[in-house]
Amino acid sequence: MHTNAIVLEGPRNLSLQSIAMDAPDVGDAVVAIRHSGVSTGTEKLFWSGDMPPFPGMGYPLVPGYEAVGEVVELRGTNSLRVGDTVFVPGASCYGPVKGLFGAAASTLTTKAERLIPVDPGMGAEGALLALAATARHAMAGLRCELPELIVGHGVVGRLLARLAIAAGAKPVVWEIEPSRMHGQEGYEVLRPEDDPRRDYTCIYDATGDAKLIESLIGRLAKGGELVLCGFYPEPISFAFPLAFMKEARLRIAAEWTPDDLAATRNLIEGGLLSLSGLITHRRPAHAAKEGYETAFYDSSCLKMILDWEGDA
């Protein structure tokens, strides 16, 4: 079996290739991918070669953990039906080519239990489920507070704001990029220098920029919490005296869990969370190289979607 897949042979060396795919085993589902998203966090670090040591890291690799497709074959499992539309968080079915995270392919094989059925009417927005679940995970753990300030108005920042509003909070969002100052839904977007507050009880940073951490600590109230929601390739450091005086708390929000995916899907289907307006750019899979560069370097691109129909 073969599939067309995005393959990173090394840093900045990306192409669409036909590669061998493992045959499905008992409990597996074969999925025809319709749409996959390009991550500007971890996926960009794999693409640039800046990813710190990471389990399973190496080249060549198939990236991607944001995909939606249709089940076309099942092996010994009744958890799904052929024809179901599912969210695919990744796959590792490419023999010697690593699957990190392996969802950027026209067809893939993975354990059926890993797939999340979604409404086919979501279309390409179904690929955003992982980002929405990541935002939900940041707010849903033990002893978590809702954000008063969210730093960054990209996709994760917008999802954090929408989830916070759904939970009854009224967050402020900071952004410095002019093209991302708009698109808010029920919250205010400010430049940092236009916000005088230094008493936020809870700040969520969605930028992945380690250089901001010290300044954000200075914006906390005494005993306030800073939540790191991005992925930080650089070492995190800050001067201790200010954090000491603030008695600041620091929390790191990891990636989503299966429970987060299920809960987020329920929020979407229940009308409490909207994914509209977050996909700004789309390219066919055969134009993936251009699509990746746009996703990583065009500030007007919130989310790039690769369309696989016709590239199978």
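Here is a short tour of the structure, stop by stop, starting at one helix and ending at the salt bridges.

Before you click: this is a predicted model, so local features are given only at pLDDT of at least 70 and side-chain atom pairs only at pLDDT 80 or more, while totals for chains, interfaces and linings use all residues. Residues are numbered from 1 along each chain as its sequence is written, and side-chain values use heavy atoms, with hydrogens and water left out.

**Helix H6**

Select residues 258-269, which make up H6; helices (H or I, at least four residues) and strands (E, at least two) are DSSP runs, numbered from the N terminus. H6 reaches 17 Å from first C-alpha to last, close to the 16 Å expected at 1.5 Å a residue (1.5 Å times one less than the number of residues). Now colour Asp 260, Leu 261, Thr 264 and Ile 268, which are buried. Buried means under 20% relative accessible area, exposed over 50% and partly exposed in between, with a 1.4 Å probe and protein chains only. Those four cover an arc of only 100° around the axis, which puts them on the same side of H6; the arc is taken from the directions from the helix axis to the C-beta atoms. Swing round to the other side of H6 for Pro 258 and Asp 259, both exposed. Cover for the buried residues comes from, among others, strand E6 (85-88), strand E9 (116-117) and helix H2 (129-140). Just past the end of H6, look for Gly 271, with a positive phi of about 80°.

**The largest core**

Next, pick Phe 87, Leu 129, Leu 159, Leu 160, Tyr 204, Leu 261 and Leu 275: of the 43 residues in the largest nonpolar core, these touch the most other members. Such a core is a set of buried Ala, Val, Leu, Ile, Met, Phe, Trp, Tyr and Cys residues joined through side-chain atoms within 4.5 Å. H2 supplies the largest share of this core, eight residues. Zoom in on Leu 129: leaving aside neighbours within four places in sequence, its contacts (heavy atoms within 4.5 Å) are Phe 87, Ile 116, Val 118, Leu 261, Thr 264, Arg 265 and Ile 268. A separate core of 42 residues includes Ile 33, Met 51, Tyr 292 and Met 304.

**Helix H7 and His 286**

Move to H7, residues 288-297, where the buried residues include Tyr 292 and Phe 296. Partners for the buried residues of H7 include strand E1 (2-10), helix H1 (42-48) and strand E17 (304-307). In the loop between E16 and H7 sits His 286, exposed at 58% relative accessible area. Draw a distance from its C-alpha to that of Leu 16, 270 residues apart along the chain, and you get 6.4 Å.

**Cysteines**

Show the sulfurs: there are zero disulfides (sulfur pairs within 2.5 Å) in the whole structure. Cys 202 has its nearest cysteine sulfur, that of Cys 144, 8.2 Å away.

**Salt bridges**

Finally, turn on the 16 salt bridges, each a side-chain nitrogen of Lys or Arg within 4 Å of a carboxyl oxygen of Asp or Glu. Try Glu 70 with Arg 34, at 2.9 Å between the closest N and O atoms; Glu 70 is in E5 and Arg 34 in E3, 36 residues apart. Then go to Arg 162 and Glu 185, at 3.3 Å: Arg 162 is buried at 8%, whereas Glu 185 is partly exposed at 39%. Last, select Glu 148, Arg 197 and Asp 199, which are linked in a network of salt bridges.
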